[in-house]
Amino acid sequence: MEEKELINQIESTDQYKEMMKKAEGYTKEEWEAINKKQLDIILVFVMCKNSGEEFNGVNTQKTVATFQDYITSFYYNCTTKELRGIAQMYEIESDFRKSVNEVSEGAADFIAKAIKFYCDTH
């Protein structure tokens with residue numbers, strides 16, 4: 001799937017509309033806290049990767065569950081279907097990939113594989 005096609009598909013979903021509605025209500029301070037929580041989760045993924053844990057390792061999979069809960073808490077009800085879509089974003093969408101790979105090279109692919117494995121087993 002092409003990047004633009006994936007973005008158009010996501011933007012047409014009810015989850016995207018729910019996310020945009022929630023986002024309108026957040027203050028600057030809330031956004032800072034939400035973004036910090038996301039970065040903290042990304043850093044845990046990176047620690048798992050850098051420690052040599054595989055994408056299907058226990059700690060990595062717990063981090064996927066935490067990430068799913070985070071999405072549900074702050075954006076939209078994140079089922080495994082939506083979570084799989086997020087994995088696609090980490091594989092395809094250049095901004096997702098760039099922002100995560102700036103933290104640690106290869107992190108986007110690691111996170112995508114971890115999320116896909118989680119979705120396949122839950």
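Analyst: The expected span of a helix is 1.5 Å times one less than its number of residues. We will use that on a predicted model.

User: Start with the overall fold. How many helices and strands does the protein have?

Analyst: The protein has 7 helices and 0 strands. From the N terminus, the order of elements is α-α-α-α-α-α-α.

User: Now the span rule. What span should helix H3 have, and what is the distance between its end C-alpha atoms?

Analyst: H3 covers residues 28–50, which is 23 residues. The rule gives 33 Å, and the end C-alpha atoms are 32 Å apart, so the two agree. H5 passes the test as well: its 13 residues should span 18 Å, and its end C-alpha atoms are 18 Å apart.

User: What comes after H3?

Analyst: Glycine 52 follows H3. Its phi is positive, near 95°.

User: How do I read burial, and what share of the residues is buried?

Analyst: Buried means under 20% relative accessible area. Of the 122 residues of the protein, 34% fall in that class. The accessible surface comes to about 7300 Å², and carbon and sulfur atoms hold 52% of that surface.

User: Which residues of H3 are buried, and what do they pack against?

Analyst: The buried residues of H3 are Ile34, Ile41, Ile42, Phe45, Val46 and Cys48. Buried residues of H3 pack against four helices: H4 (58–74), H5 (80–92), H6 (94–103) and H7 (107–121).

User: Take one of them. Is isoleucine 41 buried or exposed, and what is in contact with it?

Analyst: Isoleucine 41 sits in helix H3. Its relative accessible area is 9%, so isoleucine 41 counts as buried. Beyond its neighbours within four places in sequence, isoleucine 41 is in contact with Thr63, Thr66, Phe67 and Tyr70. Take the pair with phenylalanine 67: 26 residues separate them in sequence, and their C-alpha atoms are 6.6 Å apart.

User: How do such pairs show up across the chain? What share of the contacts joins residues 24 or more positions apart?

Analyst: The share is 66%, taken over contacts with a separation of 6 or more.

User: Move to H5. Which of its residues are buried?

Analyst: H5 buries Glu82, Leu83, Gly85, Ile86, Ala87, Met89 and Tyr90.

User: What is in contact with isoleucine 86?

Analyst: Isoleucine 86 lies in helix H5. At a relative accessible area of 8%, isoleucine 86 is buried. Leaving aside neighbours within four places in sequence, isoleucine 86 is in contact with Phe67, Ile71, Tyr76, Cys78 and Ile115. Phe67 is also in contact with isoleucine 41.

User: How far apart are the C-alpha atoms of isoleucine 86 and glutamine 68?

Analyst: They are separated by 9.8 Å, with the two positions 18 residues apart along the chain. Glutamine 68 is in helix H4. A polar residue can still pass the burial test: glutamine 68 is buried, at a relative accessible area of 12%. Glutamine 68 touches Cys78, Thr79, Thr80, Leu83 and Tyr118, not counting residues up to four places away in sequence.

User: Cys78 keeps coming up. How many disulfides are there?

Analyst: A disulfide needs two cysteine sulfur atoms within 2.5 Å. A search of the whole structure finds 0 disulfides. Cysteine 78 is in none, and the nearest cysteine sulfur, on cysteine 119, is 7.8 Å away. Cysteine 78 has 4% relative accessibility, so it counts as buried. Cysteine 48 also counts as buried, at 6%.

User: What about empty space? Which residues line the second largest pocket?

Analyst: Rolling a probe the size of a water molecule over the atoms shows where empty space is left. The second largest pocket has a volume of about 180 Å³. Its lining is Asn35, Gln38, Leu39, Ile42, Tyr90, Asp95, Phe96, Ser99, Val100 and Val103. H3 and H6 are the elements that give two or more residues to this lining. H6 provides the largest share, 5 residues.

User: Stay with H6. Is asparagine 101 buried or exposed?

Analyst: Asparagine 101 belongs to helix H6. Its relative accessible area is 17%, so asparagine 101 is buried. Apart from neighbours within four places in sequence, asparagine 101 is in contact with Gly106, Ala107 and Ala108.

Technical notes: Residues are numbered from 1 along each chain as its sequence is written. This is a predicted model: local features need pLDDT of at least 70, side-chain atom pairs count only at pLDDT 80 or more; totals for chains, interfaces and linings use all residues. Side-chain values use heavy atoms; hydrogens and water are left out. Buried means under 20% relative accessible area, exposed over 50%, partly exposed in between (1.4 Å probe, protein chains only). Contact means heavy atoms within 4.5 Å. Accessible areas come from the Shrake-Rupley method with a 1.4 Å probe; for residues, only the protein chains shown count as cover. On a 1 Å grid over the protein atoms alone, a cavity is a set of points where a 1.4 Å probe fits but cannot get out, and a pocket is an open set with protein on both sides within 12 Å along at least five of seven lines; lining residues have an atom within 4 Å of a point. Grid points are joined across faces, edges and corners, and a volume is the space filled by probe spheres set on the points.
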